[in-house]
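Student: I should like a close look at one part of this molecule, beginning with a loop and following the chain into whatever lies around it. Please give me a single connected account.

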Amino acid sequence: MSQVVVLARSFSRGSNEPRELLSQAGLEVVFKKNPEPEKEGKVAELIGDAEAVIVGVDRIGEVVFSRCSNLRVVSKHGVGVDNIDLEAAKRHGVVVANAPGTNSQSVADMAFLLILACARGLPILLEQVKNKVWSSPFLGVELEDKVLGIVGLGRIGKEVGKRGQGFGMKVIYYDPVVEDKEFASVSLEDLFKSADFVSLHAPLTKDTEKMVGEKLLSLMKEEAFLINTARGELVDEEALYRFLQEKRIKGAALDVLTFEPPFESPLLSLPNVIVTPHVSAHTKEANIKMGRIAALNVIRVLQGEEPLYRVV
């Protein structure tokens with residue numbers, strides 16, 4: 001019986017269906033907790049002799065592929081595969097598959113929730129009430145006629161744009177690959193100059209790592225907000241801290257950070273920063289869809305078929 005090791009913490013949390021799919025296919029399903037997802041040696045130890053692994057943020061690279069000789073498929077319980085060394089997977093003949101589109105609505109909802117929270121200063125108001133202060137220290141802003149700048153117009157970026165249009169916002173976007181007639185395409189620099197809210201939805205690559213740094217932040221309006229529900233590594237967090245501390249931009253809302261949990265990050269000390277614990281995709285609906293596809297990708301590869309969504 002082929003064994004599937006599940007390292008993704010939220011796999012099958014919303015429903016038993018994904019787990020049952022694996023069992024019904026005659027696979028032995030073993031859930032293992034990984035307290036050190038960044039350490040490949042630990043990941044390799046947990047995978048052991050298994051033929052398949054379902055991962056979340058766990059680091060998969062040369063160490064894993066060289067030590068886990070039975071491994072045939074790495075199935076990402078999610079979309080982004082920047083934690084998986086694709087070239088190493090190719091060299092070792094291991095299939096990598098993911099689950100695109102499964103969390104688009106959930107992440108877009110979260111991004112827009114953070115936009116609204118920034119606009120009205122919601123965390124500060126909640127804290128005021130808890131401290132028995134029945135007033136607001138500031139005026140919020142309306143979203144109508146504000147400019148929403150979207151960096152990366154994939155599935156999630158488009159959904160965020162639609163939500164912005166629903167609130168009467170002017171939606172602009174930057175994407176070097178995607179062309180879309182529904183929204184206005186601008187350069188990256190013009191987007192940061194014009195937007196009242198900048199929402200990041202770009203993939204993490206060598207070109208996009210720390211793309212939002214001193215140069216782009218210096219272009220933003222003093223009343224503008226930065227929203228990140230994509231990847232923490234897209235932002236130079238040291239530069240962001242300086243700009244927020246000096247009030248050169250109004251605020252930021254971050255569901256993702258470079259190091260998580262970010263309890264030592266100075267960003268947590270700032271009153272104009274909202275930080276949530278990487279939960280943009282954490283809805284029941286997204287979890288079920290993601291788990292189903294992650295499971296089917298494994299089943300199909302182990303049965304000698306193509307996965308639903310092959311990366312390499």
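Tutor: K132 is placed in the loop between α6 (122–130) and β6. The model is a predicted one, and the description that follows should be read in that light. Most residues other than glycine have a negative phi, and most peptide bonds are trans. K132 has a positive phi, near 60 degrees, although it is a residue other than glycine. With a relative accessibility of 80%, K132 counts as exposed, since the cut-off for that class is over 50%. D145 lies in the loop between α6 and β6 as well, and this residue, also not a glycine, has a positive phi near 75 degrees.

The loop leads to β6, and thus to the sheet. Strands of a sheet pair through backbone hydrogen bonds, either parallel or antiparallel. Here, seven strands form an open sheet in the order β8-β7-β6-β9-β10-β11-β12, and their pairing is parallel. The edge positions belong to β8 (184–185) and β12 (273–275); each has a single partner strand, so one side of each lacks a neighbour in the sheet. Strand β6 (residues 147–151) runs parallel to strand β7 (residues 170–174), and five bridges join the two. Within this pairing, V147 stands opposite K170 in β7.

Helix α5 (residues 104–120) packs on this sheet, where it touches β6, β9 (197–200), β10 (225–228), β11 (251–254) and β12. The direction of α5 makes about 155 degrees with that of β10. The length of the helix can be checked: at 1.5 Å a residue, the 17 residues of α5 should span 24 Å, and the end C-alpha atoms lie 25 Å apart, which agrees. Of these 17 residues, 12 are buried, so α5 is largely enclosed by the rest of the structure. The buried residues of α5 are S104, S106, V107, A108, M110, A111, F112, L114, I115, A117, C118 and A119. An α-helix has 3.6 residues a turn, so residues three or four places apart point the same way. G121 follows α5 and has a positive phi, near 60 degrees.

A second helix meets α5. The axes of α5 and helix α7 (residues 155–166) come within 8 Å and cross at roughly 50 degrees. That angle makes α5 oblique to α7, and the crossing is right-handed. From α5, the residues S104, Q105, V107, A108, D109, A111 and F112 take part, and they meet R155, I156, E159, V160, R163 and G164 in α7.

S104, which lies in α5, repays separate attention. This residue has a relative accessible area of 8% and is therefore buried, the cut-off being under 20%. Apart from its neighbours within four places in sequence, S104 contacts R155, I156 and E159. S104 and S280 are 176 residues apart along the chain, yet 9.5 Å separates their C-alpha atoms.

Beyond S280, the chain reaches helix α11 (residues 284–302), whose axis comes within 8 Å of that of helix α1 (residues 17–24), the two crossing at roughly 15 degrees. The helices α1 and α11 are therefore roughly parallel to each other, and their crossing is right-handed. This contact involves E17, P18, L21 and L22 of α1, together with I288, G291, R292, A295, L296, V298 and I299 of α11. M290 is also found in α11. With 5% relative accessibility, M290 counts as buried. Setting aside residues up to four places away in sequence, M290 touches H77, G78, A99, T102, N103 and A281. M290 and P262 offer a contrast to the pair S104 and S280: M290 and P262 are 28 residues apart in sequence, with 26 Å between their C-alpha atoms.

One further backbone feature concerns the loop between β11 and β12, where P261 has its place. The peptide bond from E260 to P261 is cis, with omega near -5 degrees.

Notes:
Residues numbered from 1 in each chain as written. Predicted model: local features only at pLDDT ≥ 70, side-chain atom pairs only at ≥ 80, totals over all residues. Heavy atoms only, no water. Pairing = 2+ DSSP bridges. Helix = DSSP H or I, 4+ residues; strand = E, 2+ residues; numbered from the N terminus. Contact = heavy atoms within 4.5 Å. Axes fitted to C-alpha atoms, helices over the stretch in contact; angles between N-to-C directions. Expected span 1.5 Å × (residues − 1). Buried < 20%, exposed > 50% of the residue type's maximum accessible area, 1.4 Å probe, protein only. Parallel < 35°, antiparallel > 145°, perpendicular 65-115°, else oblique. Left-handed = near helix turned anticlockwise from the far one by under 90°.
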